[in-house]
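Biologist: Before I rely on words such as "buried" or "parallel", I would like to hear what stands behind each of them. Could we go through the terms one by one, setting each value against its definition?

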Amino acid sequence: MQTLLVTAGLSGENVRNIAEKFEEYDVFEANCEVAACMVPGELIKYVKDKHYERILVPGMIGWDLRKIEKEIGIEIFKGPKDAADLKL
């Protein structure tokens with residue numbers, strides 16, 4: 001099951017270090033320092049032609065995840081607020 005882990009600049013290295021231990025995880029690093037400032041369109045554009053079974057976004061994201069799930073056809077889950085708490 002291929003999962004996309006979404007992060008931003010400040011947590012990017014930490015999330016990549018965690019994900020590289022597992023083949024089934026890819027990382028998308030948004031073009032901002034703090035994930036809470038990320039805009040949904042950036043993620044939607046990135047996954048448009050990719051085949052992920054689920055997406056894990058940072059817990060601080062305030063978007064309506066159901067609306068985005070409908071648009072891209074991929075389940076989205078909120079992870080922990082801090083990337084250091086990410087347990088895979």
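**What the words rest on**

Modeller: Let me begin with helix α3, in which Leu65, Ile68 and Ile72 are the buried residues. Seen down the axis of α3, these residues fall within an arc of 65 degrees (the arc of the directions from the helix axis to the C-beta atoms), so they line one face of the helix. This is a predicted model, in which local features need pLDDT of at least 70 and side-chain atom pairs count only at pLDDT 80 or more, while totals for chains, interfaces and linings use all residues. Residues are numbered from 1 along each chain as its sequence is written, and side-chain values use heavy atoms, with hydrogens and water left out.

Biologist: What makes a stretch of chain a helix or a strand here?

Modeller: Both are DSSP runs numbered from the N terminus, a helix being a run of H or I with at least four residues and a strand a run of E with at least two. Helix α2, for instance, covers residues 40–47, and Thr7 is found in strand β1.

Biologist: Why is Thr7 called buried?

Modeller: The relative accessible area of Thr7 is 2%, and buried means under 20%, whereas exposed means over 50% and partly exposed lies in between, with a 1.4 Å probe and protein chains only. Thr7 therefore counts as buried.

Biologist: What does Thr7 touch, and how do you know that a pair is in contact?

Modeller: Contact means heavy atoms within 4.5 Å. Not counting residues up to four places away in sequence, Thr7 touches Gly12, Val15, Val27, Phe28, Glu29, Ala30, Met38 and Pro58.

Biologist: Where does Pro58 lie, and why is Pro58 called buried?

Modeller: Pro58 is placed in the loop between β3 and α3. Its relative accessible area is 15%, so Pro58 is buried. Leaving aside neighbours within four places in sequence, Pro58 is in contact with Val6, Thr7, Ala35, Lys78, Gly79 and Pro80. The loop between β3 and α3 also holds Ile61, which is buried at a relative accessible area of 1%.

Biologist: What makes Gly73 exposed and Lys50 partly exposed?

Modeller: Gly73, found in the loop between α3 and β4, has a relative accessibility of 65% and therefore counts as exposed. Lys50 belongs to the loop between α2 and β3; with a relative accessible area of 36%, Lys50 is partly exposed.

Biologist: Which residues of α2 are buried, and how do you know on which side of α2 they lie?

Modeller: Leu43, Ile44 and Val47 are the buried residues of α2. They cover an arc of only 100 degrees around the axis, which puts them on the same side of α2. What covers them includes β1 (3–7), β2 (25–29), β3 (54–57) and α3 (65–72).

Biologist: Why are α2 and α3 called roughly parallel?

Modeller: Their axes, which are lines fitted to C-alpha atoms, for helices over the stretch in contact, with angles running from 0 to 180 degrees between N-to-C directions, come within 11 Å and cross at roughly 25 degrees. Angles under 35 degrees count as roughly parallel, over 145 as roughly antiparallel, 65 to 115 as roughly perpendicular and the rest as oblique. The two helices are therefore roughly parallel to each other.

Biologist: Which residues make the contact of α2 with α3, and how do they divide by character?

Modeller: Pro40, Ile44 and Val47 in α2 meet Ile68, Glu71 and Ile72 in α3. They divide into 5 nonpolar, no polar and 1 charged, where Ala, Val, Leu, Ile, Met, Phe, Trp, Tyr, Cys and Pro count as nonpolar, Asp, Glu, Lys and Arg as charged, and the others, Gly among them, as polar.

Biologist: What lies on the other side of α3, and what do its buried residues pack against?

Modeller: Arg66, Lys67 and Lys70 are exposed on the other side of α3, while its buried residues pack against α2, β3 and β4 (75–78).

Biologist: Which residues of α1 are buried, and what puts them on one side of α1 or spreads them around?

Modeller: Helix α1 (residues 9–19) has Gly12, Val15, Ile18 and Ala19 as its buried residues. They cover an arc of only 135 degrees around the axis, which puts them on the same side of α1. The face turned away from that buried side carries the exposed residues Leu10 and Glu13, whereas what covers the buried residues of α1 includes β1 and β2.
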